[in-house]
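Hi everyone, thanks for coming. I'd like to walk you through one protein today, so let me put it up on the screen.

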Amino acid sequence: MAWLIREGEVLATLELAASRRERVLGLVGRDHYEGALLLRPARSVHTVGMRFPIDVAFCDRDGVVLRIQTVAPWRVTRVVWRSGFVVEAAAGAFERWQLRPGDTVEVKE
């Protein structure tokens with residue numbers, strides 16, 4: 001199991017999408033999701049086939065959050081060229097975690 005951490009604080013359990021297939025599928029086919037999903041590498045995401053909106057954080061290779069947005073089902077985000085990875089969670093999670101652009105996140109396994 002992995003953890004999403006910001007400044008020593010555990011924000012959520014973290015699932016790692018390791019293969020291309022896992023990155024393409026992401027959270028598709030799930031009715032809800034607790035925790036967070038990390039897609040690496042990723043510069044954009046889609047919610048085609050999603051059943052719920054998601055929060056998306058585009059992070060650079062060092063874990064600095066570049067952009068955050070909530071994405072409704074059946075949408076595609078713009079490309080964030082400097083993004084090294086993406087963190088996805090159910091919509092509203094980032095507000096609860098108070099995750100903001102400029103924050104630095106890390107993965108602990």
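Before we start, one cut-off: a residue is called exposed when its relative accessible area is over 50%, and buried when that area is under 20%. Keep that in mind for Glu-7, which has 73% relative accessibility and therefore counts as exposed. Glu-7 sits in the loop between S1 and S2, and its phi is positive, at about 50°, although it is not a glycine.

I should say right away that this is a predicted model. The average pLDDT is 93, and 100% of the residues score at least 70. Where is confidence lowest? That would be helix H1, residues 20-25, with a mean of 79, while S5 has the highest, at 98.

Let's stay with the backbone for a moment. Most residues other than glycine have a negative phi, and most peptide bonds are trans. Glu-7 has company here: Trp-74 also shows a positive phi, about 65°, and is not a glycine either. You'll find Trp-74 in the loop between S5 and S6. Is Trp-74 buried or exposed? With a relative accessible area of 56%, it is over the 50% cut-off, so Trp-74 is exposed.

That loop, between strand S5 (65-71) and strand S6 (85-90), also holds Thr-77. Thr-77 has 8% relative accessibility, which is under 20%, so it counts as buried. Setting aside neighbours within four places in sequence, the contacts of Thr-77 are Ser-44, Val-45, Phe-58, Gln-69 and Val-71.

Next, please look at the peptide bond from Arg-40 to Pro-41: it is cis, with omega near -5°. Pro-41 belongs to the loop between S3 and S4. Arg-40 has something else to show us, since it lies over the face of Phe-85, 4.7 Å from the ring centre.

Now to the inside. In soluble globular proteins, nonpolar side chains tend to be buried together. Here, the largest nonpolar core has 18 residues, and Leu-4, Val-87, Phe-94, Trp-97 and Val-105 are those with the most contacts inside it. Strands S1 (2-6), S2 (9-17), S3 (36-39), S4 (54-59) and S6, along with helix H2, each give two or more residues to this core. Another core lies apart from it, with 16 residues, including Leu-37, Met-50, Phe-52 and Phe-58.

Two of those highly connected residues deserve a closer look together. How many aromatic pairs does a search of the whole structure find? Just 1, and it is formed by Phe-94 and Trp-97. The pair is tilted, with 5.6 Å centre to centre and 40° between the planes. Both residues lie in helix H2, residues 93-97, and they are 3 residues apart, about one turn of the helix. Phe-94 and Trp-97 are both buried. Beyond four places in sequence, Phe-94 touches Asp-55, Val-56, Ala-57, Ile-68, Val-87, Ala-89, Leu-99 and Arg-100.

Last stop: Val-105, in strand S7, residues 105-108. Its relative accessible area is 5%, which is under 20%, so Val-105 is buried. What does Val-105 touch, not counting residues up to four places away in sequence? The list is Leu-4, Ile-5, Arg-6, Leu-11, Cys-59, Asp-62, Gly-63, Val-65, Phe-85 and Leu-99. Take Gly-63 from that list: it is 42 residues from Val-105 along the chain, and their C-alpha atoms are separated by 5.0 Å.

That's my tour. Thanks for listening!

Note on methods. Residues are numbered from 1 along each chain as its sequence is written. This is a predicted model: local features need pLDDT of at least 70, side-chain atom pairs count only at pLDDT 80 or more; totals for chains, interfaces and linings use all residues. Side-chain values use heavy atoms; hydrogens and water are left out. Rings of Phe, Tyr and Trp (its six-membered ring) pair if their centres lie within 6.5 Å; planes under 30 degrees apart count as stacked, over 60 as edge-to-face and the rest as tilted. Helices (H or I, at least four residues) and strands (E, at least two) are DSSP runs, numbered from the N terminus. Buried means under 20% relative accessible area, exposed over 50%, partly exposed in between (1.4 Å probe, protein chains only). A charge sits over a ring if NZ of Lys or CZ of Arg is within 6 Å of the ring centre and within 35 degrees of the ring normal. Contact means heavy atoms within 4.5 Å. A nonpolar core is a set of buried Ala, Val, Leu, Ile, Met, Phe, Trp, Tyr and Cys residues joined through side-chain atoms within 4.5 Å. pLDDT is the predictor's confidence in each residue, from 0 to 100.
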